[in-house]
Amino acid sequence: MNEARALEKAYLRLNREMSGRIYRNVSMAKQVTVRTGGPVAILAVANTISDLRLLLQTADRYRIPYFVLGKGSNLLVSDKGYKGIAIELGSDFKKISLDRHCIQAGAATSLSTLAQVAWKNSLNNLTFSVGIPGTLGGALVMNAGAHDGCMSNIVSTVTIYTHNCELQILNKTELGFGYRTSSIPSYGIIVEAMLKLEPGNQNRIRFLMERYFRKRKETQPFEHPSAGCVFKNTSGISAGKLIDGVGCKGWRIGDAEVSTKHANFIVNLGGATATDIYKLIKEVQLKVYREKGVLLEPEINILGEFKDE
Ligand SMILES: Cc1cc2nc3c(=O)[nH]c(=O)nc-3n(C[C@H](O)[C@H](O)[C@H](O)COP(=O)(O)OP(=O)(O)OC[C@H]3O[C@@H](n4cnc5c(N)ncnc54)[C@H](O)[C@@H]3O)c2cc1C
């Protein structure tokens with residue numbers, strides 16, 4: 001069966017049987033924070049585990065690729081789009097419960113909601129996440145972090161819906177956490193996680209949240225869309241300093257610009273294409289490599305087809 005027919009058949013089946021909503025040919029520019037990118041063939045909102053089972057079985061039956069879309073704050077999707085299924089987690093994956101110092105939350109819960117819950121309950125350790133615009137699922141996959149904190153420090157267990165349609169609870173030691181990375185994608189889709197926090201002083205927690213948020217506003221280009229830091233920091237020196245040091249700040253391709261405020265951000269000045277951003281990433285990477293001998297590794301997840309020149 002050809003690709004177009006497989007996608008049409010999959011769409012019809014999902015539309016008939018899923019409880020969550022299904023959309024066809026959705027522009028990713030509206031779904032990701034960098035506000036550019038082509039269409040995803042199918043966008044499916046999975047409200048329940050049954051929806052997830054149907055999605056994975058359908059993808060398998062018609063040999064269609066899929067990925068989970070959190071808040072899209074770490075994604076660059078090709079202008080040609082993605083010929084597969086973007087799975088968004090809906091209602092059943094947004095639930096939160098609290099048991100003393102532990103928060104159990106669905107993977108679609110936003111980090112900002114979690115930070116608020118922690119603050120209201122005088123729980124420490126989530127202050128670092130203030131201003132990271134992701135979901136719990138995306139943050140765990142990326143082992144998101146800031147200000148010396150990161151997800152792997154606070155997660156206790158993660159419940160995964162495996163690629164083989166089984167629910168599995170994994171301990172943090174099994175999740176291959178490293179700097180802005182984990183082995184979670186090889187297991188499947190995170191549906192919920194347990195975070196283990198420590199009791200703290202509510203005023204101090206508020207103070208830190210406000211301080212971290214102010215610092216972000218001072219140092220990061222909030223005025224334009226972006227996907228956050230483009231490259232991972234290296235062990236000796238931050239990627240931003242390396243990029244600034246070789247004079248890339250302000251470099252532009254089309255409407256994609258290396259931020260003049262923070263060199264590790266590429267901002268969309270309005271009409272940037274995903275190709276503009278991709279080419280700029282490659283040019284910056286090459287310049288740093290030629291002048292400093294360091295090959296910067298992208299932190300951004302790049303999806304779909306891009307041409308290397
Ligand atoms: C302005 C700005 C500031 C940022 N600051 C920081 C920062 O300080 N520190 C930092 O670490 N990051 C930062 N980021 C990057 C980004 O916000 C984080 O990486 C975030 O955790 C990504 O979450 P998300 O829900 O948007 O994931 P997405 O971008 O939607 O997805 C990221 C990856 O996770 C996968 N994924 C998402 N959910 C699931 C799931 N439930 N199960 C399995 N796979 C899943 C996706 O398929 C994809 O591979 C920033 C981004 C922006 C735009």
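## Strands 15 and 16

In this predicted model, strand 15 (residues 256–258) and strand 16 run antiparallel and are joined by three bridges. Along this pairing, V258 stands opposite I266 of strand 16. The two strands make a hairpin, with six residues between them.

Strand 16 also has a second partner to look at: strand 13 pairs with strand 16 in the antiparallel sense, over two bridges. Here the bridge partner of C229 is F265 in strand 16. If you turn to the side chains of strand 16 (residues 265–268), you will find both faces covered. F265 and V267 are buried on one side, while I266 and N268 are buried on the other.

## The mixed sheet

Four strands build an open sheet with mixed pairing, in the order 1-2-5-3. Its edge strands are strand 1 (22–27) and strand 3 (66–69), each of which pairs on one side only. From one strand to the next, the twist averages 35°. Within this sheet, strand 2 (residues 39–46) and strand 5 (residues 82–89) run parallel, and six bridges join them. For a landmark on this pair, take V40, which stands opposite Y82 of strand 5.

Two helices accompany these strands. Helix 1 (residues 3–17) packs on the sheet and touches strand 1, strand 2 and strand 5; the direction of helix 1 makes about 20° with that of strand 2. Helix 2 (residues 49–61) lies across strand 2, strand 3 and strand 5, and runs at about 145° to strand 2.

## The antiparallel sheet

Another open sheet has five strands in the order 6-7-12-10-11, and its pairing is antiparallel. Strand 6 (96–99) and strand 11 (167–171) each have a single partner strand, so one side of each is left without a neighbour in the sheet. Ignoring direction, neighbouring strands of this sheet are turned by 20° against each other on average.

At one end of that order, strand 10 (residues 155–162) pairs with strand 11 in the antiparallel sense over five bridges. Y161 has L167 of strand 11 as its bridge partner. Helix 3 (residues 111–120) packs on the sheet too, touching strand 6 and strand 7 (102–106). The direction of helix 3 makes about 155° with that of strand 7.

## Around the ligand

The ligand is surrounded by 34 residues, and the closest are G70, G134, G137, G138 and G228. By class, this shell has 18 nonpolar, 14 polar and two charged residues.

Several elements contribute to the shell. Strand 3, helix 4 (136–142), strand 8 (145–146), helix 6 (184–187), strand 12 (188–196) and strand 13 (226–229) each supply at least two of its residues. Helix 4 gives the most, with five residues. Some of these elements have already appeared above: strand 3 as an edge of the mixed sheet, strand 12 in the antiparallel sheet, and strand 13 as a partner of strand 16.

## Two residues to inspect

N143 sits in the loop between helix 4 and strand 8. N143 has 20 C-beta neighbours inside 10 Å, so this residue counts as buried. Leaving out residues up to four places away in sequence, N143 touches C150, M151, S152, F177, G178, R180, T181 and S182. One of these contacts spans a fair stretch of chain: N143 and R180 are 37 residues apart in sequence, with 4.8 Å between their C-alpha atoms.

P185 belongs to helix 6, which is among the elements that supply the ligand shell. Is P185 buried or partly exposed? P185 counts as partly exposed, because 15 C-beta neighbours lie inside 10 Å. From P185 to S110 there are 75 residues in sequence and 19 Å in space, C-alpha to C-alpha.

## The fold as a whole

Stepping back, the protein contains nine helices and 17 strands. The radius of gyration is 20 Å, close to the 19 Å that the globule rule gives for 309 residues, so the protein is as compact as a globular protein of that length. Along the principal axes, the C-alpha atoms fill a box of roughly 55 × 50 × 30 Å.

How much of the protein counts as buried? Of its 309 residues, 43% do. Among contacts between residues at least 6 apart in sequence, 67% join residues at least 24 apart.

Notes
Residues numbered from 1 in each chain as written. Predicted model: local features only at pLDDT ≥ 70, side-chain atom pairs only at ≥ 80, totals over all residues. Pairing = 2+ DSSP bridges. Axes fitted to C-alpha atoms, helices over the stretch in contact; angles between N-to-C directions. Contact = placed C-beta atoms within 7 Å. Near = placed C-beta within 6 Å. Nonpolar A, V, L, I, M, F, W, Y, C, P; charged D, E, K, R; others polar. Rg over C-alpha atoms; globule rule 2.2 N^0.38 Å. Buried ≥ 20, exposed ≤ 12 C-beta atoms within 10 Å, placed from the backbone.
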